Amino acid sequence: MSSQPTEGSAAGGPAGATRVVIVDDHAIFRSGLKADLDSGIVVVGEAATVEEAVVVIAQTRPDVVLLDVHLPGGLGGGGREVLAGSVPLLAGTRFLALSVSDAAEDVVSVIRAGARGYVTKTISGAEISDAVRRVAGGDAVFSPRLAGFVLDAFGTAPADIADDELDRLSARELEVMRLIARGYSYKEVAKELFISIKTVETHVSAVLRKLQLSSRHELTRWAAERRLL
């Protein structure tokens, strides 16, 4: 059933809140997801089909669209059609695919269309809230096992790596860099390497500084170009 911009969406929610539109054809999933998002994220609209999504996104102009990959309506392209219909907004609105599918073709297809990330619906409320903020801030976000699909699809031929680039990083910083570039959260990196989250944050800051990068997105691209993942 069609869902319009939520009441109060014109005001944009609390000051500083991240404004989100949820696009999914299952009303019960939209309701559950909305309840799971933390208080710093406000849902300003919902949609169940390709056509509804394009309209609601244009009306509300959210920071982030949580986009199901497979949707009724349109010409069968689902999430890709929503992105195609929202091209004029891509500079200001970021799209995060959220799907039950972990098929490589689905992941690559929606990323090629312009999505900034792709996570599966097994993600927790805290994790999706974190992913929304990261995407709103310009990062690319993927469930860890899906990042490889994107790197395989978009990776270029191995680049010549100057020795001094890698020599800038310690062995531990290199481990942290690879996991972060693959889309792991700080908590997941800490668990994988048996270190504290604070230590992970320190290593990430050092990696970005040493490589003269400004974000996780740039780090992922840097690592992918050098086949370091």
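These are my notes on the sheet, a helix pair and one loop residue.

**Sheet.** I am working from a predicted model. I looked up the strand order first. The sheet is open, has 6 strands and runs β2-β1-β3-β4-β5-β6, with parallel pairing. I then checked its edges: β2 (41-47) and β6 (141-142) each pair on one side only. Next I took the pair β1 and β3. Residues 18-23 form β1, residues 64-67 form β3, and the two are joined in the parallel sense over 4 bridges. In this pair, Val23 stands opposite Leu67 of β3.

**Helices on the sheet.** I asked which strands α1 touches. Helix α1 (residues 27-36) packs on the sheet and touches β1, β2, β3 and β4 (94-99). Its direction makes about 170 degrees with that of β2. I did the lookup again for α2 (residues 50-60). Helix α2 lies across β1, β2, β3 and β4 and runs at about 140 degrees to β2.

**α8 and α9.** I pulled the axes of α8 (residues 171-181) and α9 (residues 186-193). They come within 10 Å and cross at roughly 135 degrees. That angle falls in neither the parallel, antiparallel nor perpendicular range, so α8 and α9 are oblique to each other. The crossing of α8 and α9 is right-handed. From α8, Arg172, Glu175, Val176, Leu179 and Ile180 meet Tyr186, Val189, Glu192 and Leu193 of α9. I sorted this contact by class: 6 nonpolar, 3 charged and no polar residues.

**Ser215.** Is Ser215 buried or exposed? Its relative accessibility is 18%, under the 20% cut-off, so I log Ser215 as buried. Ser215 sits in the loop between α10 (197-211) and α11 (216-225). Leaving aside neighbours within four places in sequence, I find Ser215 in contact with Asp139 and Leu208.

Note on methods: Residues numbered from 1 in each chain as written. Predicted model: local features only at pLDDT ≥ 70, side-chain atom pairs only at ≥ 80, totals over all residues. Heavy atoms only, no water. Buried < 20%, exposed > 50% of the residue type's maximum accessible area, 1.4 Å probe, protein only. Contact = heavy atoms within 4.5 Å. Axes fitted to C-alpha atoms, helices over the stretch in contact; angles between N-to-C directions. Parallel < 35°, antiparallel > 145°, perpendicular 65-115°, else oblique. Left-handed = near helix turned anticlockwise from the far one by under 90°. Nonpolar A, V, L, I, M, F, W, Y, C, P; charged D, E, K, R; others polar. Pairing = 2+ DSSP bridges.
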